[in-house]
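I sat down with this one and a coffee to see what I could look up. My notes are below, in the order I made them.

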Amino acid sequence: MRITEVRAELLRMPLPRPMQSGSSGGIKGGPVGRINMPVVFITTEDGTRGLGYSWSLLGGDTATRCVLRDDFAPLLIGEDALDNERLWHKLYRRLQTVGRRGLVTQAQSAVDLALWDIKGKIAGLPIYKLLGGCRESAPCYGSDGGWLYMSVAEMVKAFEEYLAQGMMGVKMKIGHENPKVDIDRVREVRKALGDDVWIAVDANQKWDFPTALRVGRELEQLGIAWFEEPLLCEDIPGHARLAAALDIPIAMGETLGSRFEFDAYIRANASDILQPDIVRVGGITEMVKVATMAEVAQLPVAPHHMMESTIQVACGVMSSAPIEYMPWIAAAFAEPAEIKDGCMLPPQKPGLGLEIPEETIKRFRVD
Ligand code: MG
């Protein structure tokens, strides 16, 4: 099934709700209001068209489109679109000296998603069924409601809406300059939602080791489900020390760029929960490998963001991983993600089951 065309686009869309974390803010501080979505359409000789995409908040978007158009398209034309594993290695090795993580990997992930979309369409099956069909839905936790700029009352209102939908719980950001502010906010949210509600917190790599240790001990007292990205992601020994010192699980992995980076964390016992992002880790092909590594290490997986494509891997090969409900790119797709009783259902259409209408591309395209 030869590839005949590779088309790269870049969309820039408003976020449904502005975001601000311990590591991400606008150029002049404050919340970020938009998201970049590089998109690739890969067409085969029989007219089958696969959709793939990546995402970024703070740059790299036009460069990602360039990698898709200038580097990957010539490598893909004429290849068999069904050979996703072989093509993953072809792209990885070809751009190894300038890639291996970051925007080159994100462009590669977009290609990988498109190849799986083609495979599913040709097979006439949703990808989660092709992968293994572990389950028919995955529980969601509400994540677009706990940003640093929001008041406790605003967060509680957003969280209560998620819980009213039957979602398993919620996640809030921490990472203010003064961590006491964060502890007070978490305490107030815990008090408002009650002791039984599942709450996770995310520091987005904000702190140094002593601060993270101190905050982690406070979070343990508040019954928090996990402490996400307490330290810089490069600091594997620091995460290992923290994981050993604290009872609260350390969750980590959204910025890791391949199975090799996850392997380093697993070998160092540096994270209790692994959080691959399907776009940052290398697509479906790579995420499936990380899921297997996690299973061998007996570590839970909690995938990061990009729920519309992640649901395929989460239901295909994972028996218990939750979905992070974050509708950041929902505006691009013709149909919204299906949420029922707080769980996300994978689309039943072949492939990813996603479509970006041409009028949407026109509306959000960056030239
Ligand atoms: Mg996070």
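These entries go from the whole chain to the metal site and then to two single residues.

**Entry 1: whole chain.** First reminder to myself: this is a predicted model. I looked up the secondary structure and got 13 helices and twelve strands for the protein chain. Next I checked the overall dimensions. The C-alpha trace spans about 60 × 40 × 40 Å along its principal axes. For 367 residues, a compact globule would have a radius of gyration near 21 Å, and the protein chain comes out at 20 Å, so the two agree.

**Entry 2: inside and outside.** I asked how much of the chain is buried, and 59% of the 367 residues count as such. The exposed area is about 14600 Å², with carbon and sulfur atoms supplying 50% of it. I also looked at contacts with a separation of 6 or more: 72% of them join residues 24 or more positions apart. For charges, I have 40 positive and 49 negative ones, and their mean positions are 3 Å apart.

**Entry 3: the metal.** Which residues coordinate the magnesium ion? I found Asp202 (OD), Glu228 (OE) and Glu254 (OE), at 1.9 to 2.1 Å. Written as a sequence pattern, the donors are spaced D-x25-E-x25-E. Asp202 sits in strand β6 (residues 198-202) and Glu228 in strand β7 (residues 227-228), so this pair ties together parts that are 26 residues apart in sequence. I then looked up accessibility for both. Asp202 has 1% relative accessibility and counts as buried; Glu228 is buried too, at 0%.

**Entry 4: His239.** I found His239 in helix α8 (residues 236-245). Buried or exposed, I wondered? His239 is buried, at 0% relative accessibility. Setting aside neighbours within four places in sequence, I listed what His239 touches: Pro230, Leu231, Leu232, Cys233, Ile250, Met252, Tyr265 and Ala270.

**Entry 5: Gly282.** Where does Gly282 lie? I placed Gly282 in the loop between α10 (278-281) and α11 (283-297). Despite the loop position, Gly282 is buried, with a relative accessible area of 1%. I tried a distance to Ala110 as well: the two are 172 residues apart in sequence, yet 8.3 Å apart in space, C-alpha to C-alpha. Beyond its neighbours within four places in sequence, Gly282 is in contact with Trp88, Thr105, Ser109 and Asp112.

Methods: Residues numbered from 1 in each chain as written. Predicted model: local features only at pLDDT ≥ 70, side-chain atom pairs only at ≥ 80, totals over all residues. Heavy atoms only, no water. Helix = DSSP H or I, 4+ residues; strand = E, 2+ residues; numbered from the N terminus. Rg over C-alpha atoms; globule rule 2.2 N^0.38 Å. Buried < 20%, exposed > 50% of the residue type's maximum accessible area, 1.4 Å probe, protein only. Contact = heavy atoms within 4.5 Å. Areas by Shrake-Rupley, 256 points an atom, 1.4 Å probe, with all protein chains shown as cover. Lys, Arg positive; Asp, Glu negative; His and termini not counted. Charge placed at Lys NZ, Arg CZ, Asp CG, Glu CD. Donors = N, O, S within 2.8 Å, 3.2 Å for Na, K, Ca; no water.
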